[in-house]
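Work through the exercises below with the sequence and the model at hand. Try each task before reading its solution.

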Amino acid sequence: MHEDLFELDVDVQVVSGAYMHWQMVNMYQAVQNVVVRIRSKNSTSEAALLMNSHFDSKPGSPGAGDDGTMVVILLETLRVLATTRQTFTHPIVFLFNGAEENPLQASHGFVTQHEWAKNCKAVINLDSAGSGGRELLFQSGPNHSWLMKIYRNTAKRSFATTFAEEIFQSGIIPSDSDFRIFKNFGHIPGLDIAHFKNGYVYHTKFDRIDVIPRGTLQRTGDNILALARAFSNSTELKDPE
Ligand SMILES: [Zn+2]
């Protein structure tokens with residue numbers, strides 16, 4: 001890391017709490033988040049970009065796609081940011097959350113209790129419902145059209161469709177993502193992005209690293225790094241309203 005340019009804070013949050021998930025009381029005790037904040041030393045910004053992935057997996061599944069792929073992409077994004085002599089305006093908070101499958105407990109613990117959460121003004125959520133392929137931007141907002149404007153102008157290989165958003169938000173897919181927790185409990189708008197190809201392996205013992213093409217990591221990584229830089233340099237992040 002370029003220590004003359006950047007400051008890195010690492011925190012392991014152990015958190016307990018409760019919330020209503022659909023019709024279920026979802027209580028959790030001592031779930032863990034690994035949280036890393038990178039800040040340019042010349043920055044005085046109070047606003048931050050949040051980037052989330054989860055390192056837990058469905059019991060019995062190796063979880064290479066869900067969500068190991070996105071975890072390594074975020075780690076690599078962090079490495080590139082910290083080792084390139086290119087500063088950015090707003091700090092970036094990397095959340096490696098440890099209880100997504102339970103469901104969505106660790107993101108709730110972060111957004112309601114972590115001291116850095118209140119500074120997060122937008123979120124990029126990275127998850128998977130398959131393994132490999134190209135990542136799909138399937139939810140954005142709510143409102144905040146500047147999010148999509150940045151995505152359109154930034155992502156090298158953009159891939160988004162409102163059709164996916166309509167299907168997902170109709171509830172016919174029995175699935176949910178941390179995006180909803182950030183939105184409902186943190187009032188943080190953002191982008192929800194996931195791999196979906198080869199969905200047959202999702203949440204099974206076949207979600208293995210050997211079925212994920214290396215090109216997927218490069219493709220998604222290029223997009224995510226570009227988005228991280230664009231959001232962290234955007235004027236909108238300072239005051240999204
Ligand atoms: Zn997941």
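The exercises that follow concern a predicted model.

**Exercise 1. The zinc site**

Task: Find the protein donors of the zinc ion and state how they are spaced in sequence.

Solution:
- Step 1. Look for the donor atoms around the metal: they are NE2 of His 54, an OD atom of Asp 66 and an OD atom of Asp 127. These donors lie 1.9 to 2.1 Å from the zinc ion.
- Step 2. Write the spacing of the donor residues as a pattern, which gives H-x11-D-x60-D.
- Step 3. Place the pair His 54 and Asp 66 in the fold. His 54 belongs to strand E3 (residues 48–54) and Asp 66 to helix H1 (residues 64–83), so that the pair, 12 residues apart, links distant parts of the chain.
- Step 4. Check the burial of this pair: His 54 and Asp 66 are both buried.

**Exercise 2. The packing of two helices**

Task: Describe how H1 packs against helix H6 (residues 214–232).

Solution:
- Step 1. Two values are needed, because packed helices are described by the angle between their axes and the distance between the axes.
- Step 2. For H1 and H6 the angle is about 50° and the axes are 9 Å apart. H1 is therefore oblique to H6.
- Step 3. Add the handedness: the crossing of H1 and H6 is right-handed.
- Step 4. List the residues in contact. H1 contributes Thr 69, Met 70, Val 72, Ile 73, Leu 74, Thr 77, Val 80 and Leu 81. From H6 come Thr 216, Leu 217, Thr 220, Gly 221, Ile 224, Leu 225, Ala 228 and Arg 229.
- Step 5. Sort the contact residues by type: 10 are nonpolar, five are polar and one is charged.

**Exercise 3. Buried or exposed?**

Task: Decide whether Thr 69, Asp 176 and Pro 213 are buried, partly exposed or exposed.

Solution:
- Step 1. Thr 69 lies in helix H1. Its relative accessibility is 2%, so Thr 69 counts as buried. Apart from residues up to four places away in sequence, Thr 69 touches Ala 64, His 195, Ile 212, Thr 216 and Leu 217.
- Step 2. Asp 176 sits in the loop between helix H4 (162–170) and helix H5 (178–186). Its relative accessibility is 16%, so Asp 176 also counts as buried. Leaving out neighbours within four places in sequence, its contacts are His 21, Trp 22, Glu 100, Leu 104 and Phe 168.
- Step 3. Pro 213 is in the loop between strand E7 (190–195) and H6. At 41% relative accessibility, Pro 213 is partly exposed. Its C-alpha atom is 6.0 Å from that of Gly 132, although the two residues are 81 residues apart in sequence.

**Exercise 4. Backbone details**

Task: Locate the cis peptide bonds at Asp 67 and Pro 142, then examine phi at Ala 30 and His 187.

Solution:
- Step 1. The bond joining Asp 66 and Asp 67 is cis, with omega about 10°. Asp 67 is part of helix H1.
- Step 2. The bond from Gly 141 to Pro 142 is cis as well, with omega near 5°. Pro 142 is in the loop between strand E6 (136–141) and helix H3 (146–154).
- Step 3. Ala 30, in strand E2 (residues 24–40), has a positive phi near 55°. At 43% relative accessibility, Ala 30 counts as partly exposed.
- Step 4. His 187, in the loop between H5 and E7, has a positive phi near 50°. With a relative accessible area of 66%, His 187 is exposed.

Notes. Residues numbered from 1 in each chain as written. Predicted model: local features only at pLDDT ≥ 70, side-chain atom pairs only at ≥ 80, totals over all residues. Heavy atoms only, no water. Donors = N, O, S within 2.8 Å, 3.2 Å for Na, K, Ca; no water. Helix = DSSP H or I, 4+ residues; strand = E, 2+ residues; numbered from the N terminus. Buried < 20%, exposed > 50% of the residue type's maximum accessible area, 1.4 Å probe, protein only. Axes fitted to C-alpha atoms, helices over the stretch in contact; angles between N-to-C directions. Parallel < 35°, antiparallel > 145°, perpendicular 65-115°, else oblique. Left-handed = near helix turned anticlockwise from the far one by under 90°. Contact = heavy atoms within 4.5 Å. Nonpolar A, V, L, I, M, F, W, Y, C, P; charged D, E, K, R; others polar.
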